[in-house]
Amino acid sequence: MGTADKKNNERLPYRGFDSVAVRHGQVRTAEGEHNDPVFFTSSFVFDNARQAADRFTDKEAGNVYSRFTNPTVRVFERRLAAMEDGVDGAASAIGTASGMSAILCTVLAFAKAGDHIVAARNLFGSTVSLFTRVLSRFGIDTTYVALGAVDAWRAAARKNTRLFFLETPSNPLGEIGDIAALAALAGECGALLVVDNCLCTPALQRPLTLGADVVVHTATKFIDGQGRCVGGAVVVDDAERYAALFNILRTAGPCMSPLSAWVFLNGLETLSLRMRAHSAAALAVAKWLESHPAVRAVHYPGLASHPQHELAARQQKDFGGVLSFEVHGGRAEAWKVIDATRMLSITGNLGDAKTTITHPATTTHGRLSDAERKEMGVGENLLRVCAGLEDVDDICADLARGLG
Ligand SMILES: *Cc1c(COP(=O)(O)O)cnc(C)c1O
């Protein structure tokens with residue numbers, strides 16, 4: 001299938017990450033299109049009855065139905081896999097309907113009733129709900145531990161632990177997990193290390209190259225980059241694990257729409273540039289906040305004052321767009337900052353060209369209990385900002401209005 005086929009990698013005229021992000025996986029049709037076509041079709045036709053039978057029984061490779069494979073989604077999957085693991089890497093990806101369905105597919109593929117997950121305490125709110133309130137009903141238990149405490153992960157692991165699950169940096173507090181150390185420990189415990197790479201994307205961090213077994217993505221955030229589509233992906237560097245994931249995807253059905261895949265593909269082309277710009281803006285805003293008298297604390301791994309700054313610098317290329325800060329006081333003082341903004345978008349989303357501001361305790365983490373929020377360190381005085389691509393002076397001026 002065209003020049004980007006894995007077996008033909010020695011003939012690819014590129015190796016670098018940015019070239020992969022712009023070029024990899026594309027298969028031009030006879031029309032000679034420059035941008036990728038959107039294959040808006042639910043099913044595919046066969047030359048004859050024999051071919052139909054062979055495709056349905058996997059005797060012949062090829063498209064059958066867009067819940068299984070779709071050419072536009074396929075380009076996205078190949079490109080993202082190569083961005084995580086290099087053009088010579090063994091990685092393959094599945095595209096999914098959302099980031100949450102990427103996480104669900106991962107658990108359905110690699111765990112069963114009676115199994116156990118060790119997860120970082122500071123996860124995305126819906127991930128905690130999925131583990132604690134949904135998967136528990138199907139006999140899969142989760143123990144939460146502090147992201148940075150490797151010994152706590154060791155102590156929490158049981159004989160039936162199948163998955164270690166983390167996000168690094170964590171959202172909204174920017175805690176860092178040591179991927180290489182936790183990958184080694186997961187291996188010792190007979191578990192797979194799953195990393196949600198939402199906040200870094202492969203442009204800043206490549207967990208498979210640090211020893212992780214599974215990388216999950218929400219494409220909704222930085223991969224899209226402009227807040228248009230919901231989607232996700234799972235990347236693994238092992239053929240058997242890919243087969244297990246693909247089987248869940250085609251059977252359970254949370255597939256990615258071809259139009260969304262096309263939007264995400266175009267997003268991948270500028271991902272590196274955007275992540276550098278988001279990171280530079282977030283660092284500038286974090287430094288400005290750190291020197292502001294109305295700010296009690298700033299959480300951003302790019303600051304020298306961050307307790308895990310060195311670990312972040314070692315395992316990431318840059319520090320990403322998300323920062324959070326605490327104001328003096330509580331909910332009233334935090335809401336005052338949000339309500340005084342005139343440019344920033346008040347929304348739970350992140351990873352957009354437009355800077356967003358959120359009060360995690362009452363929105364993204366609002367469905368958690370007070371005790372769960374307290375354990376996570378998400379207080380009523382905490383605000384999360386995802387620095388966009390506007391001028392930094394305008395972002396700071398908008399935040400300053402309510403900090404007076
Ligand atoms: C948003 C988010 C998700 C879920 O992604 P959706 O595409 O909204 O389903 C998962 N993990 C993290 C870290 C997120 O920020």
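Student: Which atom of the ligand is 2.7 Å from an N or O atom in the side chain of Asp 196?

Tutor: A polar contact is a pair of N or O atoms within 3.5 Å. Here a nitrogen atom of the ligand pairs with the side chain of Asp 196 at 2.7 Å. The model is predicted, so local features need pLDDT of at least 70 and side-chain atom pairs count only at pLDDT 80 or more, while totals for chains, interfaces and linings use all residues. Residues are numbered from 1 along each chain as its sequence is written, and side-chain values use heavy atoms, with hydrogens and water left out.

Student: Which side chains have a polar atom close to an oxygen atom of the ligand?

Tutor: Thr 220 has a polar side-chain atom 2.6 Å from a ligand oxygen, and for Lys 221 the distance from a side-chain N or O atom to a ligand oxygen is 2.7 Å. The protein covers 91% of the 380 Å² of accessible area (Shrake-Rupley, 1.4 Å probe) that the ligand has on its own.

Student: Which residues are around the ligand?

Tutor: Such a residue has a heavy atom within 4 Å of the molecule. Among them are Ser 98, Met 100, Phe 124, Glu 167, Asp 196, Cys 198, Thr 220 and Lys 221. The shell divides into three nonpolar, five polar and three charged residues.

Student: How many of the residues reach a pLDDT of 70 or more?

Tutor: pLDDT is the predictor's confidence in each residue, from 0 to 100. In this protein 98% of the residues reach 70 or more, and the mean is 95. Over residues 1-8 pLDDT stays under 50, and the model has 16 contacts (heavy atoms within 4.5 Å) for them beyond four places in sequence.

Technical notes. Polar contact = N/O pair within 3.5 Å; in protein donor to acceptor, adjacent residues only side chain to side chain. Nonpolar A, V, L, I, M, F, W, Y, C, P; charged D, E, K, R; others polar.
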